[in-house]
Amino acid sequence: MTFSYQAALAERGFDVTMSLAAGETVAVMGPNGAGKSTLLSSIAGLLKPDGGRAELNGRTIFHLGGNSSRWTPPHRRGTALLAQEPLLFPHLTALDNVAFGPRSAGVPRKAANREAERWLAEVEALDLARRRPAELSGGQAQRVAVARALATDPALLLLDEPMAALDIHSAPLLRRLLKRVLAERQAVIVTHDVLDALMLADRVLILDGGKVVEHGPTRRVLEQPRSPFAAGLAGLNFMPGTLTKDGIRTGRGREVAGHLEEAGPRHGPGGPGVAVFPPSAVSVFLTDAHGSPRNSFPVSITDLEPHGDQIRVRAGGLAADITPAASADLGLVPGMTVHFVVKAAAVSVYEA
Amino acid sequence: MNTRTYTGLPRWLYGLAVLAALVVVLPLAAIVARVNWVDFLPLVTSESALSALGLSLRTSVASTLLCIVLGVPLALVLARGRFPLQGLLRSLVLLPLVLPPVVGGIALLYTFGRQGLLGGTLEVLGLQIAFSTTAVVLAQTFVALPFLVVSLEGAVRTGGQRYEAVAATLGAPPGVVFRRVTLPLMLPGLASGAVLSFARSLGEFGATLTFAGSLQGVTRTLPLEIYLQRETDPDAAVALSLVLVAVAVAVVALAYRRPAGRGVRQASTERATASAAPGGTVP
Amino acid sequence: MKRATGILLAAIALAAGLSGCANSSTNPAAGGTEKTLTVFAAASLKSSFTELAETYEAQHPGTKVVLNFAGSSDLATQIGQGAPADVFAAADTRNMGKVADAGLADGEPAVFATNTLAIAVPAGNFAGISSFADLAKGGTRVVVCARQVPCGAAAATIAERQGTVLKPVSEENSVTDVLGKVISGEADAGLVYVTDVRSAGDKVESVPFPEAGAAVNSYPITVLAGAQDKEAARAFLNLVTGAEGQSVLAGAGFGAGRK
C-alpha cells in the first residue's frame, strides 16, 4: 500500500518527485503558484503531465514519456478529491451525493444508500441526509463532501485546502474530523495552514516554483526549516549561507554567529548552511551595539505592524518583535536605519 | 420590491426605457386594437387556420426536439472541447441568428433541394425533402438551433466543469458523469434554450417560404397562413397574428420564469468562492 | 406621461430624420424647381414601368419619377393608409377596386394591359410538360399561386373550366415565389404569367396553352385623389395607355389594354 510519483510539466516549470508510505499523510505547502494544484490534478488524472510515472498500490496510474503513454482516466484511479469548495452536486440530496461514488462503482441503490448513511454518520451529518446542498452551511457541506470522498473507499485521498473556504467556527470541527478519518489512510493534503500540517500530516513537502524545496517530518521541518517558506511558516528569521566554524557566512559576506545544532556536520565548514532565530530574540538599537557573542545587522525599516501584544519590525528581510513602549521610545518609522541585534546563543545553525 | 435602496439610475434613463418598451409594446397593442372580436372565434377556428396552427405546433415541437438532440452535443463540444478552428465553428453555427431567413431558405434549397448538394443522394434514397413537412422542420431547425446552442453554451461555460471533475474522481465514468451530473446541471439552461428554439421555430417564415413552399396541412405554417390571409382577409390575418402573439408571450414567459427552486448551478456557485479547484485547470 | 409622450414623438421624428423620408412631392433641396411624381405599380410591371419612367423624365425635364413596386394588395393597403402616391397601377381589378371604393381614385380606372397564364418549366423541361392536362399527371410537381392571389385565382378558373384537378405541391403567395421554385428546379412546372416567363430569361422555358384565354388578368391604372400634381400624374397615365406605353408593354409580353 504505497504511492510513488514523479512528473514534469514544462509549461508550468513543474517537476516533482514524491512518495507515500502505507497509511501516511503528507501535507503539501508552498506559496501561490508553487505547483500544488498541478500536483493534485495530475495525481487525480485531471491534468496530464508531459512525462513521468506514478504507481498507486502497485498499479501504474500513469507512465508517460519514452515509449510509454499509459494514462489511467480519473474514474479508474481510486483517488478521490476533496476541494476547497464542497462542490456537492446541487441537484442531489446530501445522501445521494454520498451514494454517488458507490453507485458509480456499480453498488445497487439500496446498498449504496446504506453505505452513504454510514459515512454521513461518520462525519456527524446523518441528520442532513435529506437536505439539498443549497440548504447546508459551508461547514456542513464540506463534512458531507468528506463523507462523499470517503464513501468511494479511495486508495489515496486528495485534499485541496479543504478548510480554506470555511469560517473560523467550522474549520476546527472539520480539522478534528479529518484527523480522525485520515489516521491510517493515504492522503495528500494541500494547505496554507501550519496547524493542518501539524495535526493531520506525518510529513510535509514544501513546493516552490514547481520544485520540492524541502521535505521531512512536519516537526523537524518547522523546527529546522531549510527553506525561506518553511521558516516563514514556523515564524522564524531565516538566513542561508555557508557554514563557518561558529556560524554561517551569508551570500553578502555577513558573518552570523550561532550554535551548531548537529554535532559533527557531514560537510563541515564550507558546506551550505542556514541560520535561524525567532523574532522575539531580536533587539532593536539605534546605534551599533557590538559585544561578543552578539550579531548586529544594520537594516532599514520597511514596515511596522502589530503582532499580538508586540510590535513586529520588518527590516532587511528579517523581523524583530519588540514592545510598543520600546518602539515609541526609539521613535521607529519605516525608512529609518536601525541595528537588529541577536545573541549568538539564540541563533540555530545547521546544514541546509 | 425594495424601494428604499439606492438604484444609481438617472431619471432621464427611465424616459428612454419607457420609450424602448413602447417600441415593442405599442405595435402589439395595435394588433389587439385591430382585432375584429365579433368574428374572432370563427376566424381563428376556420379549417385553414386550425390546420396551420396544428402544423406549426407539430413542426415546432419536432424541430425543438431535433435542436435538443443535435444542440446539446454541439454546445458541450463548443464549450468544453478543444480542437482546431473551434472559434470559427462557433461563429459559423451562430450565423443563422443574423442571416436574413430568406438567405437561410436559399441555402437550404441548394443543400437539400433536388439540384442541391445532397439532393441527388437523397433522391436516390427515395427522400424528397422539398415541399414536404420535413423541409419545414429542417428550415425551423436551421434558424432555431443557434438559439439553443448559444443559451446552452453560455450556461455550460459559466458552470465550469468542476462538478464533472469531482464526479470523475469519485469513480464515475464519462457516461455516468454526463447522465448524472452534466445533464441535470444544464437542465435550466436547456429548458430556456429549448423554449426559445420552439418560439423561433414557431415564428419561422422566410426560410420556410423559400425552401418548403406553402400548402395547407403540409407546409403552410401559421406565419405563412397569416401572410396569405393578408391578401384577401385582413381580419383573419390580424386574428391569427394575435394567436401567434399569445403563443409567443406564453412561451417567452415560460422561458424567463423564475424557477420555483433556485437555479441549481447558480445557488451553489454563489457560495463557492472564486478560487478554482484543480478540476478547473484541466487544459 | 407628458414627458414620455414628448420623448416618443422626438424619437419618431429622429427616426424619420435618420431615414431621410421627407414626405413631400417637391424636393426643395434638389434645386427648388424639380418635381417628383410617385408611381405605385404592381411588381410584374417593374421592367416596363422603369423604361416608361425614363421616357417620361426625358419628355418632362425637371420631373423625377419615383417608382414603388410591390404586390398589388400591399400597395392598395399602403394607399389606404395614406401613403403619398400620385399614380397607382395594379395587377388586378380587385385591389384597384379597394382603392376606388375608398374614394381614393381620381376618376374611373383604365385597363392598360392584360396578362395571361403560361406554364413555366425548368430549362430542359425534364418532366416533358406540353399541355395544361400534363400538369395533372401523377408524380409531376406543380407549383401554383394560392387562390387568394390573382394568379392563383386565374389558375383555379382555368382548371375548373378544363375539368382538370391540379394537385400542386405548393400554393405560393406570389408569382415570384412560383417562378423561384421552377428556376431552382424544385418544381417540374409552375403556373405564372406570360410576362414573368419572359423576364426570367433562359432559366425557364414557356409552354403556352390555348386554355389560358379563359382567365385574362386585367391591369388597371388610375390617378389618385391625393395626387399633388394631377396634371403630371395624368400625363404619366396617358403615356402608359398611349401608343408608346402599349408598345413597351407588348414587348414585355402584356396583352393590349382596352379603353
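These exercises work through the chains of a predicted model, each with a solution in steps.

Residues are numbered from 1 along each chain as its sequence is written, and chains are lettered from A in the order in which they are written. Local features need pLDDT of at least 70, side-chain atom pairs count only at pLDDT 80 or more, and totals for chains, interfaces and linings use all residues.

**Exercise 1. Describe chain A as a whole: its elements, its box and its burial.**

Step 1. Count the elements. Chain A has 9 helices and 22 strands. Both are DSSP runs, numbered from the N terminus: helices are H or I with at least four residues, strands are E with at least two.

Step 2. Take the extent. Along the principal axes, the C-alpha atoms of chain A fill a box of roughly 75 × 50 × 35 Å.

Step 3. Take the burial. A residue is buried if 20 or more other C-beta atoms lie within 10 Å of its own, exposed if 12 or fewer, and partly exposed in between, with C-beta atoms placed from the backbone. Of the 352 residues of chain A, 46% count as buried.

Step 4. Check the contacts. Two residues are in contact if their C-beta atoms, placed from the backbone, lie within 7 Å. Among contacts in chain A with a separation of 6 or more, 65% join residues 24 or more positions apart.

**Exercise 2. Place strand β10 of chain A among its partners.**

Step 1. Test the cover. Strand β10(A) spans residues 203-208, and 5 of its 6 residues are buried.

Step 2. Find the parallel partner. Strands pair if DSSP finds at least two bridges between them. Strand β3 (residues 25-29) of chain A pairs with β10(A) in the parallel sense over 4 bridges. Here Met29(A) stands opposite Ile206(A).

Step 3. Find the antiparallel partner. Strand β11 (residues 211-217) of chain A pairs with β10(A) over 6 bridges. Val212(A) in β11(A) is the bridge partner of Leu207(A).

Step 4. Look at the turn. The hairpin of β10(A) and β11(A) has 2 residues between the strands, and Gly209(A) takes a positive phi near 55° there.

**Exercise 3. Is helix α1 of chain A buried or exposed?**

Step 1. Count. Helix α1(A) covers residues 36-44, and 9 of the 9 are buried, so the helix is largely enclosed by the rest of the structure.

Step 2. Name some. Lys36(A), Leu40(A) and Ala44(A) are among the buried residues.

Step 3. Read on past the helix. Gly45(A) follows α1(A) with a positive phi near 95°.

**Exercise 4. Set out phi and burial for Asn57(A) and Glu161(A).**

Step 1. Recall the background. Most residues other than glycine have a negative phi.

Step 2. Take Asn57(A). Its phi is positive, near 50°. Asn57(A) lies in the loop between β4 (51-56) and β5 (59-65) of chain A. With 13 other C-beta atoms within 10 Å, Asn57(A) is partly exposed.

Step 3. Take Glu161(A). Its phi is positive, near 45°. Glu161(A) is in the loop between β8 (156-160) and α5 (170-182) of chain A. Glu161(A) counts as buried, with 22 C-beta neighbours inside 10 Å.

**Exercise 5. Which pair of chains shares the most contacts, and what does chain C give to chain B?**

Step 1. Rank the pairs. Of the 2 pairs of chains in contact, chains A and B share the most contacts. Chain A and chain C do not touch, and their nearest C-alpha atoms are 44 Å apart.

Step 2. Count the residues where chains C and B meet. The contact takes 22 from chain C and 19 from chain B.

Step 3. Locate the chain C side. The elements giving two or more residues are α1 (2-19), β7 (170-172) and α6 (175-183) of chain C. The largest share, 5 residues, comes from α1(C).

**Exercise 6. Which side of helix α9 of chain C is buried?**

Step 1. List the buried residues. In α9(C), residues 243-251, they are Gly245(C), Val248(C) and Leu249(C).

Step 2. Take the arc, from the directions from the helix axis to the C-beta atoms. These residues cover an arc of only 95°, which puts them on the same side of α9(C).

Step 3. Turn to the other face. Ala243(C), Ser247(C) and Gly251(C) are exposed there.

Step 4. Find the packing. The buried residues of α9(C) pack against α2 (46-59), β4 (105-115) and α8 (230-241) of chain C.
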